[in-house]
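Here is a friendly briefing to read alongside the model. Please have your viewer ready.

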Number of protein chains: 2
Amino acid sequence: MRSQAEGSNFRERARDVLRRSILEAARKAFVRDGYEGVSMRRLAERVGCSHANLYLHFRDKEALFDCLVEESFDEFDVGLKAMFQSARGGDPVALVRKAGRAYVEFGLANPNIYEFAFLMRRPGRKPDKPHVTYEGLQALVRRCMQEKRFRRMDVDVASQALWAAAHGITSLLIIRPHFPWADRDRVIAQVVDAAVDGLLA
Amino acid sequence: MRSQAEGSNFRERARDVLRRSILEAARKAFVRDGYEGVSMRRLAERVGCSHANLYLHFRDKEALFDCLVEESFDEFDVGLKAMFQSARGGDPVALVRKAGRAYVEFGLANPNIYEFAFLMRRPGRKPDKPHVTYEGLQALVRRCMQEKRFRRMDVDVASQALWAAAHGITSLLIIRPHFPWADRDRVIAQVVDAAVDGLLA
DNA sequence: TGCTTTCCTGAACAGTGGTCAGTATCCTGA
DNA sequence: TCAGGATACTGACCACTGTTCAGGAAAGCA
């Protein structure tokens, strides 16, 4: 029995394959129709299995989409890290601005992912621990302070203020797409730059 | 038949009474349980009528809650207008800061209302026309520019940047209440002040 | 081949928002 | 006062949702 469990069996591989195809179908459906617009039954139909089967791979609908969101943000983190890497030694303040714009762009490019991650209230869900992305921002802000580019203040207050500004314009653009927005890029730039400038020494 | 319709009948009054009691029960339920947490059947039970009856007063669930939100924002507008009135002739920039804080406070004091108004995506809903509150902000920003306190720029870019900042911190605090926030008041002040300072001449 | 373990599914459950034919209620004009 | 007509209301119903579970199908091992 032990040997069955640990051997990388046909069954085990098949299980992983199914899991991945669920995730991919879910991503497609989710990106197109949003959380409420996807039903487990229709999803199962696309995958080609019974809807009950989905529950053998994911505890419930939320868990499935949580998994997708995590994947997406991991990708985002990778992109962000690459950006930090390539700009190592450069102007940290410019990097904050760039990261802020990248954050907004990511949200606008993946509105349904962003919606699920930061626009939906999910009472009784896991406590909101800081995401890797936030920790990266924290580190960057700290560096700006060490190099005396930002004035001395609580790192968290500064980081959270930056996050709030970037999130504000991202979420409004997603939620109110038909609002008579002025030039979007200028609004985004204004929001991000003002938030950054507000921290300068 | 005409006289029936216009006469302030017993029936007509009763209709209005029921409509109001629906709205009040809905407000209570909605504030406690959020949009998804309220079902039309349970709501009808509280009101004391059949759930089908609700649909004779409101086209659907969304229309019912749209009505509530409109009421709430009317209240918000009244409060904000009074503030503008009382500070007329005073420092317009200080007024913008005050309005920004008031906006955030309102949102935090009425999270479920705010959620429905600005946190929920409702595809295919009526085009998002600017709300009275936004128009008030626009006017205030214009005044700041006329008095040369804000630098010359597109009024909408400036107004929308301010709105985005205030919305950003409001929505994050509502959606992520368990995030390890720094001192909330300081974060709010930082976000609002940075957004305002970013417009100064 | 039998036996065990693991996988998978159809049916069922309790709930949702929304509709509609039919009934109960009220108002009006004779 | 009473019949007729307009109005208000409801129970039953529809198509759907997320989720569970007994039991059948399939695979691995002896």
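The notes below cover the model, the symmetry, a helix pair and one residue.

This is a predicted model, in which local features need pLDDT of at least 70 and side-chain atom pairs count only at pLDDT 80 or more, while totals for chains, interfaces and linings use all residues. Residues are numbered from 1 along each chain as its sequence is written, and chains are lettered from A and ligands numbered from 1 in the order in which they are written.

**Symmetry**
- A turn of 180° and a shift of 0.1 Å along the axis lay chain B on chain A with an RMSD of 0.2 Å (least squares on C-alpha atoms of residues with pLDDT of at least 70 in both).
- The two copies are thus related as by a two-fold rotation axis.
- B:Gly168 is the residue of chain B that comes closest to this rotation axis, at 1.7 Å (C-alpha).

**Helices H5 and H8 of chain A**
- The axes of H5 (residues 61–86) and H8 (residues 132–146) come within 9 Å and cross at roughly 25° (lines fitted to C-alpha atoms over the stretch in contact, with angles from 0 to 180 degrees between N-to-C directions).
- That makes H5(A) roughly parallel to H8(A) (angles under 35 degrees).
- In H5(A), A:Phe73, A:Phe76, A:Asp77 and A:Leu80 meet A:Val132, A:Thr133 and A:Gly136 of H8(A) (C-beta atoms, placed from the backbone, within 7 Å).

**A:Tyr103**
- A:Tyr103 sits in helix H6 (residues 92–109) of chain A (helices are DSSP runs of H or I, at least four residues, numbered from the N terminus).
- A:Tyr103 counts as buried because it has 23 C-beta neighbours inside 10 Å (buried takes 20 or more other C-beta atoms within 10 Å).
- The C-alpha atoms of A:Tyr103 and A:Arg27 are separated by 20 Å, and the two residues are 76 residues apart along the chain.

Methods:
Helices (H or I, at least four residues) and strands (E, at least two) are DSSP runs, numbered from the N terminus. A residue is buried if 20 or more other C-beta atoms lie within 10 Å of its own, exposed if 12 or fewer, and partly exposed in between; C-beta atoms are placed from the backbone. Angles under 35 degrees count as roughly parallel, over 145 as roughly antiparallel, 65 to 115 as roughly perpendicular and the rest as oblique. Two residues are in contact if their C-beta atoms, placed from the backbone, lie within 7 Å.
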